[in-house]
Amino acid sequence: MATLLRVRRQMEDLRAMELAAAVRAFENAREQRDRIAAALRENMMERAVAQRQRFHPAAMRHRAQYERHLAQMLDAAESALMEREQEVKARREALLEASRNRKVMEKLDEKVNRMLMADLLWRERRELDDLSAARRGIRRDTGSLADAREE
């Protein structure tokens, strides 16, 4: 029973580490998405300022292409972020399941220990009763007055 409980605890620890890794990956994906979104906003603002000032068609075309590229990267980052979020949810569920399994095993172990203790106490009582009955029988057979007074 102790081995199985130890295995359940190790499994829960493993699931917790997997969840932590998934959360780190999610945070990294979020940071990357935020960086791309910031770069896209910055490029759009720079293009707007450039349009108000001197208009260079080639530079505007390059900025527009870069904007499209950043928008595609942002979509990919959003997709990756959603995948990471789903992974975090799955890992969290796995951790909860491992935790429930461990708790069930702990309760079962406690129940087995209580049953063993109750059995041990019952056996001890039975042995003490047998000893005291044997002792009374011996005293009656010898018929000593000192023993009779003790009873």
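**Arg100.** I began with Arg100, which I found in helix α2 of what is a predicted model. I looked up its exposure next and noted a relative accessible area of 43%; because partly exposed covers values between 20% and 50%, I entered Arg100 as partly exposed. I then checked its distance to Arg8, and recorded that the two are 92 residues apart in sequence but 9.6 Å apart in space, taken from C-alpha to C-alpha.

**Helix α1.** I turned to α1 and compared its span with expectation: its 51 residues reach 75 Å from the first C-alpha to the last, close to the 75 Å expected at 1.5 Å a residue. Listing its buried residues, I noted Leu5, Glu12, Leu19, Ala22, Phe26, Ala29, Arg33, Ile36, Ala37, Leu40, Asn43 and Ala50. When I asked what covers these buried residues of α1, I found that the cover includes α2.

**Nonpolar cores.** I looked up the largest nonpolar core and wrote down its 7 residues, namely Leu19, Ala22, Phe26, Ala29, Leu81, Val88 and Leu95. I noted that α1 (2-52) and α2 (57-142) each supply at least two residues of this core, and that α1 gives the largest share, 4 residues. A second, separate core has 6 residues, and I listed Ala37, Leu40, Leu74 and Ala77 among them.

**Ala29.** Last, I returned to Ala29, a member of the largest nonpolar core and one of the buried residues of α1, to look up its contacts. Leaving aside neighbours within four places in sequence, I found Ala29 in contact with Leu81 and Arg84; of this pair, I had already entered Leu81 in the largest core.

Conventions. Residues are numbered from 1 along each chain as its sequence is written. This is a predicted model: local features need pLDDT of at least 70, side-chain atom pairs count only at pLDDT 80 or more; totals for chains, interfaces and linings use all residues. Side-chain values use heavy atoms; hydrogens and water are left out. A nonpolar core is a set of buried Ala, Val, Leu, Ile, Met, Phe, Trp, Tyr and Cys residues joined through side-chain atoms within 4.5 Å. Buried means under 20% relative accessible area, exposed over 50%, partly exposed in between (1.4 Å probe, protein chains only). Contact means heavy atoms within 4.5 Å. The expected span of a helix is 1.5 Å times one less than its number of residues.
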